[in-house]
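Here is a report on strands, core, surface and charge pairs. Please read it beside the sequence and the 3D view.

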Amino acid sequence: MAGNNGGPWGGSGNNSGNGGGDDNRGNNDPGRRPGQNDPQIPDVDELVKKGQEQLRVLLGGGGGKSGRPNGTGGGEGPKLTRGTIGLIAVAALGLWGYASFYTVPAQSKSVELFLGKYSATGEPGLNFAPWPLVSAEVIPVSVEQTEEIGAGSRGADSGLMLTGDENIVDIDFQVVWNINDPAKYLFNLRDPQQTIQAVSESAMREIIAQSELAPILNRDRGIIADNLKQLTQSTLDSYDSGVNIIRVNFDGADPPEPVKDAFRDVQSAGQERDRLEKQADAYANRVVAGARGEAAQVLEEAEGYRARVVNEAEGEASRFTAVLTEYAKAPEVTRKRLYLETMEEVLGRVDKVILDDNGEGGSGVVPYLPLNELRRSTDGGSN
């Protein structure tokens, strides 16, 4: 038969152009160019099949024809033994433990979530959260964080606030805070920093609106800082924010920049006015005190004069009453006594020498004696 000249397989082994079977398939292989006798380049499907066969061998399946390099039969590959299963289990358990155990730093706490829902709070140290059901998020709770509000935070005009006496003041302050409840902090606040800034700025505007400008600039900064801390903390507590306000740093309170020079002039004028008022008050106090002292002195002198006159009058009245009593008992003696006492008092103040006539025509003049000088010397010696 002419069609079978090539043998029982339908073609000769040397006839590459008209033969059938494997030689014909080799000529149509896309990995070989027609008319070339170079080695065949494997395609992608063949590589994938070989990879699948090798994977079956590793898993313990049979290699088949593809398990051998030339596809010449083949025995069974390595099987999956108990030791291999144990090693795989230990490796899986190690990976699971590595994913489940985690460490929390000293200044932090963790929030454990069971399928996305809050489960527990982890303390510092080694913690266990079975993966993949439980996940953990570490949050620094003891670290102090600072929010700045004023000229240095969001712009030159962010710290301008209106006071109770309708003045404008430029406030610059800092709010220092940390986290006291990580679960509330994580779930109740979407943007903690922006929330704290908004709450503290609103609280400061409320406090400044109830105060006057002069105390804000001078003496009430500490009081304002304490009130701001309390008001901000109470507002954040009402939000269940889990945030703790540690302190408020009141850095500065100044008038707006365009009117700062004029404001300083006004402040200087006010201080000068206060100084002059204090000087006037001191002078008024000194003069009033002196006048009150003089008035008290005059009153005391008048009181002393009144007491002296009254006492003298009472003494004279008592003496006259006593003389009257004695006069009633012995009029002549009393009259003569009064005469002599009166003459003694009158003549005692007069510089005179009285000569008594002796009744015989003589003058009765005794030798001159300086009686006046003697009396003056006597009076001077007694003084």
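## The three-stranded sheet

Strand β2 (residues 108-114) is joined to β3 by five bridges, and the two run antiparallel. The model is predicted. One point of contact is Ser110, which stands opposite Gly122 in β3.

This pair belongs to an open sheet of three strands in the order β3-β2-β5, with antiparallel pairing. β3 (117-122) and β5 stand at the edges. Each has a single partner strand, so one side of each is left without a neighbour in the sheet. Neighbouring strands here are turned by 25 degrees against each other on average, direction ignored.

## β8 and its partners

Strand β8 pairs with β6, β7 and β9. Five bridges link β6 (residues 145-149) to β8 in the antiparallel sense. Within that pairing, Gln145 stands opposite Trp177 of β8. Strand β7 (residues 160-162) is also antiparallel to β8, over three bridges. Leu162 has Ile168 of β8 as its bridge partner. β8 and β9 run antiparallel and are joined by ten bridges. Asn178 has its bridge partner in β9, namely Asn244.

β7 and β8 form a hairpin with five residues between the strands. In this hairpin Glu166 takes a positive phi near 65 degrees. Most residues other than glycine have a negative phi.

Is β8 enclosed or open to the outside? Ten of its twelve residues are buried, so β8 is largely enclosed by the rest of the structure.

## The nonpolar core

The largest nonpolar core has 33 residues. Ile171, Phe173, Met204, Ile208 and Val243 touch the most other members. Which elements give two or more residues to this core? They are β2, β8 (168-179), α5 (192-209), α6 (213-217), α7 (221-238) and β9 (243-254). Strands and helices thus both appear in that list.

In soluble globular proteins, nonpolar side chains tend to be buried together.

## A nonpolar patch on the surface

Nonpolar side chains also appear at the surface. Leu93, Trp96, Phe101, Leu126, Phe128 and Trp131 make a nonpolar surface patch of about 660 Å². Two elements, α3 (82-100) and β4 (125-128), give two or more residues to the patch.

Trp131 is found in the loop between β4 and β5 (134-140). Its relative accessible area is 48%, so Trp131 is partly exposed. The cut-off for exposed is over 50%.

## Salt bridges within helices

A search of the whole structure finds nine salt bridges. Three of them are described here, each within one helix. Side chains of opposite charge can pair when their charged atoms come close.

In helix α5, Glu201 and Arg205 lie four residues apart, about one turn of the helix. Their side chains meet in a salt bridge at 3.1 Å, N to O. Are the two residues buried or exposed? Glu201 is buried, because its relative accessible area is 12% and the cut-off is under 20%. Arg205 counts as partly exposed at 32% relative accessibility.

Helix α8 (residues 260-329) holds Glu272 and Arg275, three residues apart, about one turn of the helix. They form a salt bridge, with the closest N and O atoms 2.2 Å apart. Glu272 is partly exposed, with a relative accessible area of 35%. Arg275 also counts as partly exposed, at 39%.

Helix α9 (residues 331-347) holds Arg337 and Glu341, four residues apart, about one turn of the helix. Their side chains meet at 3.0 Å, N to O. Glu341 counts as partly exposed at 36% relative accessibility, whereas Arg337 counts as exposed at 53%.

## A positive phi before β9

Asp240 is found in the loop between α7 and β9. What is its phi? Asp240 has a positive phi of about 55 degrees although it is not a glycine. At 40% relative accessibility, this aspartate counts as partly exposed.

Terms used:
Residues are numbered from 1 along each chain as its sequence is written. This is a predicted model: local features need pLDDT of at least 70, side-chain atom pairs count only at pLDDT 80 or more; totals for chains, interfaces and linings use all residues. Side-chain values use heavy atoms; hydrogens and water are left out. Patches are made of residues with over 30% relative accessible area and no salt bridge: like charges are joined within 9 Å, nonpolar side chains (Val, Leu, Ile, Met, Phe, Trp, Tyr) within 5 Å. Accessible areas come from the Shrake-Rupley method with a 1.4 Å probe; for residues, only the protein chains shown count as cover. A salt bridge is a side-chain nitrogen of Lys or Arg within 4 Å of a carboxyl oxygen of Asp or Glu. Buried means under 20% relative accessible area, exposed over 50%, partly exposed in between (1.4 Å probe, protein chains only). Two strands pair if DSSP finds at least two bridges between them. Axes are lines fitted to C-alpha atoms, for helices over the stretch in contact, and angles run from 0 to 180 degrees between N-to-C directions. A nonpolar core is a set of buried Ala, Val, Leu, Ile, Met, Phe, Trp, Tyr and Cys residues joined through side-chain atoms within 4.5 Å.
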